[in-house]
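Please open the model in your viewer and keep the sequence panel beside it. The stops below each begin with a selection and then describe what is found there.

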Amino acid sequence: MTALPPAPPAAAAPRVRVAVDAPQHSGLGSVLDYTHPVALAPGTLVRAPLGRREVAGIVWPAAADGDPAPVADAALRPLAQVLAALPPLPPAWLALVAFAAAYYQRSPGELALAVLPPPLRELDAVRLQRRLARLRAPAATPREPPPPLTPQQVAALEALHAPEAPAQAPATTLLHGATGSGKTEVYLHAAARALAAGRQVLVLVPEINLTPQLESRFAARFGAERVVTLHSALTPAQRLRHWLRAQLGQAELVLGTRMAVFAPLSQLGLIVVDEEHDASFKQQEGARYSARDLAVWRGRHEGVPVLLGSATPSLETWHNAAQGRYRRVSLPERIGGGAPPRVRLVDLGALPRAAQQQALAPPLLAALQQRLAAGEQSLLLLNRRGYAPVLHCGACGWKSGCPHCSAWRVFHKRDRTLRCHHCGLTQPVPRACPDCGNQDIAPVGRGTERLAEQIADLLPAARVARIDADSARAAGALEAQLAAVHAGEVDVLVGTQMVAKGHDFRRITLVAAVNPDGALYASDFRGPERLFALLMQAGGRAGRDAAHAAASELWVQTWHPRHPLYAALVRHDFEAFAASQLAEREAAGLPPATHLALLRAEARSAQTATDFLRAASGCAAALPEAAGVSLYPPVPPPLARVADVERMQMLVESRSRAALQRLLAAWVPALHALRGAHKGLARWAIDVDPLAI
């Protein structure tokens with residue numbers, strides 16, 4: 001008999017590259033190979049086996065690199081499920097995540113899965129199908145007609161939409177507008193043009209408390225059914241529903257905080273970043289990304305315009321505009337032609353000693369009384385919550401330090417507690433000094449709770465309210481408090497920076513900064529920039545009604561009235577302030593003249609963290625990519641201990657962003673390997689473009 005030829009081998013199932021959130025200590029890459037009977041489009045959501053677990057994953061483009069050597073086909077495991085009911089994530093979204101992961105030195109899988117709604121990471125194909133079946137767009141709502149634009153707003157819009165050279169992508173535009181100049185109306189008109197062209201719009205705001213009022217503006221203009229929000233205050237179910245509507249194209253306008261920069265919008269036509277200078281756009285845990293910077297990259301990559309709005313732009317943005325990288329458009333005048341608030345400096349050093357100890361200087365108190373008599377509202381800014389920063393014993397010098405952190409426990413009078421605002425430790429106020437038994441322990445310093453109490457005593461006829469993170473903790477509390485201010489039910493509002501920006505208080509005519517000097521000489525080189533922005537933003541809450549603009553005032557109580565920052569503030573001269581700060585930064589070799597990264601280490605002992613950083617420095621110095629990069633010795637941060645964990649940090653600096661990135665990319669694998677030799681190390685992380693050092 002003639003032997004039959006051997007049967008051809010069965011074709012191997014196609015390999016599928018999947019991004020998963022693999023633990024760093026596992027030694028696995030975050031983009032792993034699996035098998036599936038058919039090829040899957042990049043961006044498809046799947047469920048994949050990982051060890052003994054089944055985890056969420058995203059089919060990743062085949063061009064991904066930087067992962068371990070390919071595994072033999074026989075060792076590959078098949079995918080558990082494909083969530084085919086949901087369209088694949090857009091290629092531009094995958095590119096955004098890949099860029100952010102590389103730039104901020106995280107793994108693609110870690111970042112990709114982290115920015116998905118938490119419930120989506122838990123759903124299987126059946127439950128996702130049920131969620132999609134229940135997804136219904138809201139009913140159409142009435143829409144308000146737009147108000148007429150001022151000539152300055154018309155000019156800004158025309159400049160924003162000026163044609164670009166054919167070879168250029170749409171420019172990033174800085175809308176530098178005075179407080180009350182109508183920047184939001186420019187956003188609305190720019191969004192209307194994008195929506196009319198069948199595109200989607202992404203609007204980023206720095207803080208959750210600014211979201212409701214801006215959402216109401218956009219919903220009233222375009223219809224609530226077209227708008228969704230994305231921020232951490234949403235319930236998991238709400239966040240998933242809003243994300244799904246954006247991904248499916250049912251929502252044409254997405255408004256949110258920094259996490260919304262990763263919204264999956266396949267028809268993106270415009271990105272707006274309101275209050276672009278705000279530090280809240282920088283993530284401080286996990287992947288420490290800047291949503292503003294990623295918004296600019298996303299706009300460039302997808303070829304859509306990006307609009308950065310601020311009355312006090314960040315110095316990096318201002319520098320980019322001066323260098324021609326961004327287009328700059330100005331709105332220098334308030335709506336109605338109202339004048340900016342007059343700035344009045346109170347020299348505390350010139351007051352009698354008794355007056356220096358009071359919450360408010362006599363001239364400021366008299367001004368508050370005049371506003372109260374005229375039926376006008378006032379805002380007192382004190383960026384410190386609680387009753388007093390610390391309790392102190394005059395007999396032995398004891399202070400209410402936190403036993404677990406290198407910080408004071410703050411005295412809260414309302415519930416008679418001492419609270420650490422870092423680790424959360426809360427204890428009743430002791431009846432006597434814990435060290436010497438002295439019963440005469442007293443509060444030192446002043447927080448918003450104490451200031452509100454003192455104002456109520458000084459102005460017994462005034463209705464005093466306080467808004468800070470403590471008073472607004474309960475659900476709906478902030479909205480109710482803001483509504484009371486808008487309704488005229490509050491005469492004097494005491495608050496932190498929560499109320500200093502973005503709010504359109506029509507009845508406030510006087511704003512006073514009670515104790516702002518601390519930031520003038522802070523160790524953080526960005527301290528003056530943040531203080532100037534805070535005071536300008538706070539002053540912008542006064543005189544927003546044009547009828548009262550001429551009488552509006554910004555008072556500043558200071559021990560340093562001749563400081564250059566205050567001189568620029570009196571003139572409302574941001575350009576002069578920015579020029580002086582940029583010159584100082586250039587001379588000192590600080591951003592934007594240089595590019596920085598921090599390697600942070602945490603351990604139970606400072607010595608363990610320091611040893612790790614020193615070893616890491618030695619690893620970096622041995623790399624060829626270290627050329628052109630400086631590494632500084634480890635030092636403790638200003639808050640060196642939190643929850644009994646010691647923290648140390650090491651600064652990495654280069655004049656070249658590309659050189660810094662090359663070193664970091666080569667350094668990270670060595671750092672993963674190095675951790676095994678430092679058993680007491682709790683964690684380490686790289687912070688690229690840190691906001692504070």
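**A tour by selection**

Begin by selecting Ala643, which at 38% relative accessibility counts as partly exposed, because that class lies between buried (under 20% relative accessible area) and exposed (over 50%), computed with a 1.4 Å probe on protein chains only. Ala643 sits in the loop between strand 26 (641-642) and strand 27 (645-654), and its phi is near 55°, a positive value in a residue other than glycine. Helices (H or I, at least four residues) and strands (E, at least two) are DSSP runs, numbered from the N terminus.

Before going on, note that this is a predicted model, in which local features need pLDDT of at least 70 and side-chain atom pairs count only at pLDDT 80 or more, while totals for chains, interfaces and linings use all residues. Residues are numbered from 1 along each chain as its sequence is written, and side-chain values use heavy atoms, with hydrogens and water left out.

Next, select Gln105, in the loop between helix 1 (91-103) and helix 2 (108-114). Gln105 also has a positive phi, of about 60°, although it is not a glycine, and at 14% relative accessibility it counts as buried. Most residues other than glycine have a negative phi, and most peptide bonds are trans. For the peptide bond, move to Pro591 and Pro592: the bond from Pro591 to Pro592 is cis, with omega near 10°, and Pro592 is placed in the loop between helix 16 (574-588) and strand 24 (595-603).

Stay with helix 16 and add helix 9 (residues 315-322); the two pack at an angle of about 95°, with their axes 11 Å apart. Axes are lines fitted to C-alpha atoms, for helices over the stretch in contact, and angles run from 0 to 180 degrees between N-to-C directions. Helix 9 and helix 16 are therefore roughly perpendicular to each other, where angles under 35 degrees count as roughly parallel, over 145 as roughly antiparallel, 65 to 115 as roughly perpendicular and the rest as oblique. To see the contact (heavy atoms within 4.5 Å), show Leu315, Glu316, Trp318 and His319 of helix 9 with Phe574, Glu575, Ala578, Gln581, Leu582 and Arg585 of helix 16.

A second helix pair is formed by helix 4 (residues 151-160) and helix 5 (residues 183-196), whose axes come within 10 Å and cross at roughly 45°. Helix 4 and helix 5 are therefore oblique to each other. Here Gln153, Leu157 and Leu160 in helix 4 meet Glu185, Val186, His189, Ala190 and Arg193 in helix 5.

Now colour the open sheet of seven strands, which has the order 8-9-7-10-11-6-12 with parallel pairing, two strands being paired if DSSP finds at least two bridges between them. Strand 8 (227-230) and strand 12 (327-331) stand at the edges with a single partner strand each, so one side of each is left without a neighbour in the sheet. From one strand to the next, the twist averages 20°. Helix 6 (residues 211-222) packs on the sheet, touching strand 7, strand 8, strand 9 and strand 10 (268-274). Helix 7 (residues 236-247) lies across strand 7, strand 8 and strand 9, running at about 125° to strand 8.

Finish at Arg371, in helix 11 (residues 362-373), which is buried, with a relative accessible area of 10%. Leaving aside its neighbours within four places in sequence, Arg371 is in contact with Glu376, Ser378, Thr509, Leu510, Ala551 and Glu553.
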